[in-house]
Amino acid sequence: MLTIILNEWKILVRNRAIVYITILFILSLVSVVWMGVVQNINQKEIQQSAQKHIRSQWDNLKPMNPHRAAHYGSYAFKPISILNSLDDGISAITGNVLKLEGHVQNEIVYSEASQAISLSKFGKLKSSLLLQYMIPLFLIFLAYSSISSEKESGRLKLLVFQGVSFFKLIFSKSISIWFYGLFLLTITISAQTFLGVVNQEVLYRIALIFLSYACYYYVIACLTTYFSAYLKDNTSALSSILATWIIWTIFLPRIWGNSVEKFYPLPSRQDFKATMKEDRSKGIDGHNPTDERREKLKNRYLKEYNVDSLKQLPINFDGIVMQEDEEYGNLVWDKHFGSNYAIYKSQKKLYQLSGILNPFASLQSLSMGLCGNDMVHHLDFLEKAEKYRRYLIKELNDKHAFGGSKTGNWKWTVDETFFKSVEGFNYRSPSIYEKIVHYIRDIFFLMTWMFVTTLLLRFNINKNNLL
Amino acid sequence: MNRYLKIVLIEFSHFSRSPFKITSLIFYVLAVIYGCQNGYALIKKHNDEIISIKSGYKSHIDKMLVQYEEIEKGSIKKPRRDPSVPYWAIWNTPSYAFKYPSPMMVFSLGQSEQYGYYKKVSNWSTTFDNDLAQEIANPERLSIGTLDFNFVLIYLTPILLIIMLFNIGGLERDMNFNKLIYLSNVTKKNWLMARFLFYFILLIILLLSLLSFYGLLSGVFQNEIISFFNLLLLVFIYVLVWVTIFYIINFSGSGSPDQALKMISTWLILCIIIPGAFHQFSSLKHPTNYMTDYLDVSRDQKYAIFELSTDVHQSKLVESFPNLKNTKYAADTTVDRSIVSKCISALVNELNKKVASQIEKSSEDKNQFIKRYFLFNPVIYFQNKVNAFSKTDYYAYRDYRQHIQSIIDKKINFILEDTWNKVIIKKEKYIQYVEIFE
Amino acid sequence: MINVKNITKRFKDFEALSNLTLEVPKGEIYGLLGSNGAGKSTTINILLGFLEPDSGESFVNGINASTDTNNARKNIGYIPENVNLYPYLTGIENLDYFCKLAGKNYSPKKLSEILIECGLDFSATNKQVNTYSKGMRQKVGIAIALAKEAKVYLLDEPASGLDPLASTELSSMLKKISNRGAAVLMASHDIFRVRETCNRIGILKGGELVKEMDTSIVSTEELEKIYIEYMQT
């Protein structure tokens with residue numbers, strides 16, 4: 001087997017066209033990684049400076065009533081994932097700025113895609129674009145004639161005649177082409193490791209990215225060699241594998257993606273807002289003194305503090321009302337946004353099932369997931385931002401209620417010392433260990449594809465196909 | 001000429017006896033239908049949503065009218081937000097800015113999934129408000145993209161052509177009888193051209209029929225006939241460009257695999273790599289805008305205006321809106337806080353407009369950067385053209401934002417004029433407002 | 001060494017071989033003559049183990065070629081009509097590769113000797129095969145077979161497309177091989193070359209062996225006459 005693999009590589013190395021293309025690939029991959037890293041650094045600086053700017057505004061707030069500060073609010077800027085330079089996944093589509101304020105749970109807005117006319121439908125020229133589209137296609141071109149040309153030239157008989165089994169011959173050829181893919185993959189991953197930021201988490205993720213792409217390249221190499229061995233000539237082998245590639249990369253992701261939304265429909269924004277508003281209206285209206293539920297709460301507190309009127313309360317009842325309102329709003333948020341997030345997750349699971357038919361879908365899902373740029377990571381950001389919003393507003397409401405002011409004293413203010421004491425939003429991207437469970441299906445399907453294509457080579461090729 | 005016509009006709013036999021090509025064509029037709037159907041469904045969804053919003057605000061108007069009647073009769077006392085005051089009357093005049101879908105949207109969803117298409121407009125609104133967010137959608141699905149006609153045309157048409165054309169002239173070389181063909185009194189150039197012509201005509205007729213059918217269904221012939229014909233012309237040119245590229249490849253090709261390899265590589269470079277590279281360059285040159293300028297206006301600068309005294313507010317208002325000098329209140333010698341404070345949104349709106357124009361300018365700079373290189377990035381040129389014809393491109397939504405701004409301005413003008421003229425709003429005047437903002 | 005016993009092979013409705021029996025003993029070169037479709041290549045493919053006969057048996061050095069294909073193949077050297085080698089490898093590298101696949105490791109010196117023995121110039125052994133003529137490639141093919149130290153050689157139209165000098169060199173090479181005790185079965189429709197090279201000739205027609213004779217008893221002209229007579233009847 002090693003003899004065949006070495007021989008295939010010797011032939012590859014002697015082919016000038018392949019050598020030039022390989023050099024071109026290496027240069028492209030390294031420069032694309034480099035550009036990605038530069039873009040990452042730029043974007044990170046902008047994001048961090050925006051976050052700092054907002055924080056410094058907060059730290060330097062003039063003395064202000066805490067509730068007014070809750071309306072003033074804060075902003076969470078979605079950070080760039082470290083591996084954005086490899087695969088930016090959904091980051092151009094999703095918004096980047098989330099306003100965090102009292103009473104209202106906003107949505108993330110200002111996506112990159114909305115800031116200019118339409119550009120590539122397949123994403124930016126990141127390594128993932130080359131690794132997902134270009135390199136597999138090149139592997140196809142290397143492999144489609146690997147057996148059929150041996151067949152057409154009659155060399156196959158000579159080879160088999162030397163005592164090599166069909167499987168050993170075909171499998172070795174697949175492996176030699178797979179190694180070529182691995183070689184380019186190693187270049188990309190090494191470039192990312194040398195040029196980008198590396199820590200333990202990044203290393204884990206990079207290792208998994210390497211394995212995912214390695215699995216996919218294995219499938220491509222084996223399947224192409226299979227077609228090459230199974231079909232009667234070069235042209236049939238090439239047209240069949242190209243048709244498969246087109247269906248996998250162009251057709252199925254879109255058709256399956258669109259169908260998934262029909263299986264698990266999301267509410268329209270209008271319906272969503274209306275139902276949220278309706279549920280929200282069942283809580284306390286913090287700004288409406290005639291609200292009935294406010295009355296009940298008031299009576300509860302008067303009883304608790306054993307006083308007759310709000311004026312006698314040692315605390316500021318307005319802050320209590322605001323927090324009560326907030327907590328009810330949080331329940332509504334959990335219900336409605338939670339339901340949307342659950343639908344997203346169901347959609348993702350169903351989409352991942354397309355891996356049964358399409359290993360490319362599994363690869364794409366894994367690639368953006370491992371680079372921290374898929375929906376799972378996006379939802380993690382949104383959930384943590386909401387968690388922070390709740391913390392921020394509670395701090396302000398508690399200060400309002402228990403900071404020393406009395407009910408109805410809206411002119412009471414707190415100074416910057418307090419504002420500075422409120423923690424800022426520091427988003428930590430989840431570790432892959434926390435999120436790996438979301439990608440088990442993708443990993444399983446890719447491995448199944450590896451197994452199936454190996455079986456195809458082992459058991460579905462016989463000498464009749466080869467003669 | 002007759003001989004070449006025969007070649008074209010014989011090509012039909014080649015085509016009809018290739019199950020691979022016929023299956024591909026059927027898939028392509030299904031993709032076109034699926035794409036147009038997606039567009040058609042989105043138009044319907046947008047229209048339905050707009051109708052539902054409109055019916056929702058009708059009931060609000062009815063409630064307001066009853067309230068006016070009861071206040072006038074004296075059966076209820078004026079609420080906290082007194083509707084006889086112009087500010088609250090206008091506040092309670094529902095006004096939505098809609099971006100009605102063009103019937104041409106059936107052919108391209110374009111960037112429509114990136115933007116909202118309805119917005120409740122108040123005097124405090126801005127063109128970058130949170131409620132102008134896009135429809136709720138799975139971001140991964142958005143990132144993969146929707147299979148609309150534009151996608152089929154731009155990306156799948158060349159692939160169909162590759163399947164149809166890759167072995168033309170190549171098969172003869174593979175089987176070593178190409179020389180026999182060229183010795184049969186036809187030139188290679190014309191022989192290839194005649195065979196290519198068959199597929200070109202087939203594809204154009206097919207696209208024309210499907211586009212006309214969906215055009216008829218969505219009503220483009222009533223409203224968007226020029227855009228429709230522009231689209232047809234664009235389709236013709238786009239298909240012709242690809243056929244020409246593939247013709248050149250086949251003319252110099254050395255067999256079917258060689259031709260297929262060159263064709264698919266060309267597709268990959270023109271459709272994926274070059275657009276991807278420009279996408280990346282434009283992000284480097286024009287990074288994502290976090291809109292901090294806008295955020296500053298919407299918080300700090302707005303709060304700074306709130307902090308100003310009523311005197312300063314009044315003088316700033318007069319400075320920004322000189323026609324206020326001719327109002328009843330302008331003639332008063334005392335400062336009326338209740339009048340001036342209701343007009344602060346006009347000052348904030350001025351700030352918002354200023355920052356919005358900066359943001360739009362920065363987006364336009366990015367657009368100009370992209371457009372400048374269309375010659376090297378032709379596929380994206382065609383893609384954006386189809387989006388423009390379908391009114392689903394960035395500019396269609398910029399126009400929509402301008403429309404929103406014009407409604408905000410109108411609201412503010414009414415608030416200023418009527419508040420400063422101390423107009424008391426009754427039912428009739430409210431109806432006038434409703435009609436104006438409808 | 002080569003035994004074909006009552007072999008019949010059908011491809012759908014077409015009978016390619018009909019009850020064929022032939023034997024090639026040690027040290028003999030047997031020429032199988034016949035028109036296109038007569039069954040020559042089918043016979044060779046059955047002996048190579050690439051096709052299974054519908055009935056009958058074939059033996060190579062006493063080993064059943066259908067049931068014990070791998071062992072039978074160890075005894076066979078095969079030279080096809082066109083020896084297509086890896087164009088980007090040199091003659092010596094090609095030979096080395098095929099030898100390794102067969103489980104034989106030769107030193108570069110030995111490989112070079114084998115190639116020279118098969119008639120390749122020393123200067124050509126280190127040139128890439130894409131610079132070789134058909135005759136040179138054919139010589140490398142013989143070298144591959146020879147290096148395998150086979151006992152049986154099967155040749156399918158080996159002289160097709162070779163110039164007269166290369167054909168003559170091929171004949172003498174085959175004679176050298178048979179003199180070492182190998183059995184050679186050569187399928188061809190080149191009457192002159194078969195007459196010059198072989199000890200015995202069989203004429204195949206419609207899958208049947210219609211005539212067998214020693215080359216020593218016929219001249220080329222007589223052989224041509226007999227062949228045409230059989231083809232016309």
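This passage describes the chain contacts, the interfaces and the enclosed cavities of a predicted model.

Two pairs of chains touch in the predicted model, and of these the pair formed by chains A and B has the most contacts. Chain B and chain C, by contrast, do not touch, their nearest C-alpha atoms lying 17 Å apart. Between chain C and chain A, 30 residues of chain C are in contact with 22 residues of chain A, and the two chains bury about 2,600 Å² between them, with 63% of this area on carbon and sulfur atoms. Three aromatic side chains stand out on the chain C side, since C:Phe50, C:Tyr86 and C:Tyr88 supply 28% of the area that chain C buries against chain A, more than any other three residues. One salt bridge is counted between chain C and chain A; in a salt bridge of C:Glu93 with A:Arg14, the closest N and O atoms are 2.6 Å apart.

Within chain B, the assignment gives two domains, each made of two segments: domain 1 covers 2-39 + 148-285, and domain 2 covers 51-146 + 291-437. The centres of domain 1 and domain 2 of chain B, taken over C-alpha atoms, are separated by 46 Å. Contact between these domains of chain B involves 35 residues of domain 1 and 26 residues of domain 2, and the area buried between them is about 2,600 Å², of which 74% is on carbon and sulfur atoms. A single salt bridge is found across this interface between domain 1 and domain 2 of chain B. The side chains of B:Glu224 and B:Lys391 meet in a salt bridge, with a distance of 3.2 Å from N to O.

Rolling a probe the size of a water molecule over the atoms shows where empty space is left. The structure holds eight cavities of 30 Å³ or more, and the largest of them has a volume of about 800 Å³. The lining of the largest cavity comprises 42 residues, with A:Ile93, A:Ser120, A:Lys121, B:Leu142 and B:Ser143 lying nearest its centre. Several helices each supply at least two residues of this lining, namely helix 4 (127-143), helix 9 (234-263) and helix 13 (359-370) of chain A, together with helix 4 (139-144), helix 11 (256-285) and helix 17 (378-389) of chain B. The largest share of the lining, four residues, comes from helix 4 of chain A. With respect to chain B, the largest cavity lies between domain 1 and domain 2, because both of these domains give residues to its lining. By residue class, the lining of the largest cavity divides into 18 polar, 15 nonpolar and nine charged residues.

The second largest cavity holds about 400 Å³ of space. Of the 28 residues that line the second largest cavity, A:Glu107, A:Ile108, A:Tyr344, A:His378 and A:Leu382 are the closest to its centre. At least two residues of the lining of the second largest cavity come from each of strand 2 (97-100), helix 12 (317-353) and helix 14 (375-402) of chain A, and likewise from helix 4 of chain B. The lining of the second largest cavity consists of 15 nonpolar, seven polar and six charged residues.

Conventions. Residues are numbered from 1 along each chain as its sequence is written. Chains are lettered from A and ligands numbered from 1 in the order in which they are written. This is a predicted model: local features need pLDDT of at least 70, side-chain atom pairs count only at pLDDT 80 or more; totals for chains, interfaces and linings use all residues. Side-chain values use heavy atoms; hydrogens and water are left out. Contact means heavy atoms within 4.5 Å. On a 1 Å grid over the protein atoms alone, a cavity is a set of points where a 1.4 Å probe fits but cannot get out, and a pocket is an open set with protein on both sides within 12 Å along at least five of seven lines; lining residues have an atom within 4 Å of a point. Grid points are joined across faces, edges and corners, and a volume is the space filled by probe spheres set on the points. Ala, Val, Leu, Ile, Met, Phe, Trp, Tyr, Cys and Pro count as nonpolar, Asp, Glu, Lys and Arg as charged, and the others, Gly among them, as polar. Domain bounds come from an automatic or database domain assignment. Buried area is the accessible area (1.4 Å probe) that two parts lose on being put together, summed over both. A salt bridge is a side-chain nitrogen of Lys or Arg within 4 Å of a carboxyl oxygen of Asp or Glu.
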